Amino acid sequence: MNADDRNTLAGARVATRLPAQDLDRARRFYSERLGLEPVDERPGGLLYRCEGVDFVVFRSTGASPGTFTQMAFEVDDIETVVSELKRRGVVFEEVDVPGFRTREGIAEIDGNYPSKGARGERGAWFRDSEGNMLGIGEPVV
């Protein structure tokens, strides 16, 4: 196997897919709670774009268990974003386990990916109307 074979997907764009039992309910949540509108749609799917990165909410008979982060938004000021989303009715997860605790919905996370040039991250998590776990992160430099 040569280097080109190993990098088959390295130049690909990545797009998240989030299942929705009720696409109309999901559209309302993403609009009213997150302030996002689809940039395109087709029967059974809504395409959203944030800073050039796409994600799709699609009608599905399956559902996520909501036990892990399926998609995250990276922001510059997590406190402002969390405050605004709470004002819009978003409910953030509160976690209190050994080594990991949120305060007012925000956790301090030691360590980060060295390539991001940060020493850690601040994070917050919430579920959308369909039970998908979404995160918000702010690198700490």
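Leucine 46 is a good place to start: it is buried, with a relative accessible area of just 2%. Keep in mind that this is a predicted model. From leucine 46, which is found in strand β3 (residues 45-50), we can work outwards to an open sheet of four strands, then move on to an open sheet of six strands.

**Around leucine 46**

- Setting aside neighbours within four places in sequence, leucine 46 is in contact with Leu23, Arg27, Pro38, Asp40, Glu41, Phe55, Val56 and Val57.
- One of those contacts, Leu23, is also among the buried residues of helix α2.
- For a sense of distance, take leucine 46 and valine 141: they sit 95 residues apart in sequence and 35 Å apart in space, going C-alpha to C-alpha.

**The four-stranded sheet**

- The strand order in this open sheet is β1-β4-β3-β2, and the pairing is mixed.
- β1 and β2 (40-42) are the edge strands, each pairing on one side only.
- Direction ignored, neighbouring strands here are turned by 20° against each other on average.
- Five bridges link β1 and β4, which pair in the parallel sense.
- For a specific pair, look at threonine 16, whose bridge partner in β4 is phenylalanine 55.
- Helix α2 packs on this sheet and touches β1, β2, β3 and β4, with its direction making about 145° with that of β4.

**Helix α2 up close**

- Which residues of helix α2 (residues 23-33) are buried? They are Leu23, Ala26, Phe29 and Tyr30.
- These four cover an arc of only 120° around the axis, so they end up on the same side of α2.
- The general background is that an α-helix has 3.6 residues a turn, so residues three or four places apart point the same way.
- What do the buried residues of α2 pack against? The list is β1 (16-20), β3, β4 (53-59), β9 and β10 (133-140).
- That list takes in β9 and β10, which belong to the six-stranded sheet.
- At the N-terminal end, aspartate 22 is the cap of α2, with a side-chain oxygen 3.1 Å from the backbone nitrogen of aspartate 24.
- Following α2 comes glycine 35, which has a positive phi near 75°.

**The six-stranded sheet**

- This open sheet runs β5-β10-β9-β8-β7-β6 and has mixed pairing.
- Its edge strands are β5 (69-74) and β6 (96-97), each of which pairs on one side only.
- β5 and β10 are joined in the parallel sense over five bridges, and threonine 69 has methionine 133 in β10 as its bridge partner.
- β9 and β10 pair in the antiparallel sense over eight bridges, with phenylalanine 126 partnered by leucine 134 in β10.
- β8 and β9 (residues 120-127) run antiparallel and are joined by four bridges.
- Across that pairing, isoleucine 109 stands opposite glutamate 121 in β9, and alanine 107 has glycine 123 in β9 as its bridge partner.
- β7 (residues 100-103) and β8 (residues 106-110) also run antiparallel, this time joined by two bridges.
- There, arginine 103 has isoleucine 106 in β8 as its bridge partner.
- β9 is mostly covered, with six of its eight residues buried.
- Helix α3 (residues 78-87) lies across β8, β9 and β10 and runs at about 10° to β9.

**Turns to check**

- The β7 and β8 hairpin has two residues between the strands, and glutamate 104 takes a positive phi near 55° there.
- The hairpin of β9 and β10 has five residues between them, and glycine 131 in the turn has a positive phi of about 90°.

**Glutamate 138, a buried acid**

- Is glutamate 138, found in strand β10, buried or exposed? Glutamate 138 counts as buried because its relative accessibility is 14% and the cut-off is under 20%.
- What does the side chain of glutamate 138 reach? Its target is the backbone nitrogen of isoleucine 78, at 3.1 Å.
- Not counting residues up to four places away in sequence, glutamate 138 touches Val75, Asp76, Asp77, Ile78, Gly120, Glu121 and Arg122.
- Among those contacts is Glu121, the residue in β9 that stands opposite isoleucine 109.

Key
Residues are numbered from 1 along each chain as its sequence is written. This is a predicted model: local features need pLDDT of at least 70, side-chain atom pairs count only at pLDDT 80 or more; totals for chains, interfaces and linings use all residues. Side-chain values use heavy atoms; hydrogens and water are left out. Two strands pair if DSSP finds at least two bridges between them. Buried means under 20% relative accessible area, exposed over 50%, partly exposed in between (1.4 Å probe, protein chains only). Contact means heavy atoms within 4.5 Å. The arc is that of the directions from the helix axis to the C-beta atoms. A polar contact is a pair of N or O atoms within 3.5 Å; within protein, one must be able to donate a hydrogen and the other to accept it, and residues adjacent in sequence count only if both atoms are side-chain atoms. Axes are lines fitted to C-alpha atoms, for helices over the stretch in contact, and angles run from 0 to 180 degrees between N-to-C directions.
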